[in-house]
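I opened the model to look up how its helices pack, where its rings pair and what makes up its nonpolar cores. My notes follow the structure.

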Amino acid sequence: MTTYNNIIVAVDGSAEAEYAFNKAVEVAQRNDAVLHLVNIIDTRSFAAIEAYDRSIAERAQSFAEEKLNEYKTIAEQHGVKEVKTLIEYGSPKTMITKDVAEKTVADLIVCGATGLNAVERFLIGSVSESIVRSAKCDVLVVRTPAAE
């Protein structure tokens, strides 16, 4: 049976990410693994707006910190012994599998089947699809009950 030591779960505030988080907590518990909660702030999504509103990056950072702290507390309450949080800026499609997976020495990436950006998914494919294609470790894509 495969055991995992370092599990990444990508969260973005969506319902799909919450299902992925819950599944990652279960897997981390069973494997006594380190759970890395990751939020990638997609700078492309607010680059044009930031010219008019400089506080948007600060608000995105604050939202990410709040969300990750909430998830960390929940994971610890469910018995995950070591929970780390990480906020990065860039494209989730490349950051998760390249930078974050290397930094955390990930052997499993857990993500929701879909996320917040339906327009981007329609035009150029989902983040989960990109993770599955480019990850060097195992990937668990979690579907929500509505997606079944």
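I looked first at what covers the buried residues of helix H6, and found that the cover includes helix H4 (92–104), strand S4 (108–112) and strand S5 (138–142). I took contact as heavy atoms within 4.5 Å. Helices (H or I, at least four residues) and strands (E, at least two) are DSSP runs, numbered from the N terminus.

This is a predicted model, with local features needing pLDDT of at least 70 and side-chain atom pairs pLDDT 80 or more, while totals for chains, interfaces and linings use all residues. Residues are numbered from 1 along each chain as its sequence is written, and side-chain values use heavy atoms, without hydrogens and water.

In H6 (residues 127–134) I noted Ser-128, Ser-130 and Ile-131 as buried (under 20% relative accessible area, 1.4 Å probe, protein chains only). Down the axis of H6 its buried residues fall within an arc of 160°, so they line one face of the helix; the arc is taken from the directions from the helix axis to the C-beta atoms.

Next I checked the rings and found one aromatic pair (centres within 6.5 Å; planes under 30 degrees apart are stacked, over 60 edge-to-face, the rest tilted). The ring centres of Phe-21 and Tyr-71 are 4.4 Å apart and their planes at 40°, so the pair is tilted. Both Phe-21 and Tyr-71 are buried.

Last, I looked up the largest nonpolar core (buried Ala, Val, Leu, Ile, Met, Phe, Trp, Tyr and Cys joined through side-chain atoms within 4.5 Å). It has 22 residues, and Phe-21 is among those that touch the most other members. H1 gives the most to this core, seven residues.

Note on methods. Buried means under 20% relative accessible area, exposed over 50%, partly exposed in between (1.4 Å probe, protein chains only). Rings of Phe, Tyr and Trp (its six-membered ring) pair if their centres lie within 6.5 Å; planes under 30 degrees apart count as stacked, over 60 as edge-to-face and the rest as tilted.
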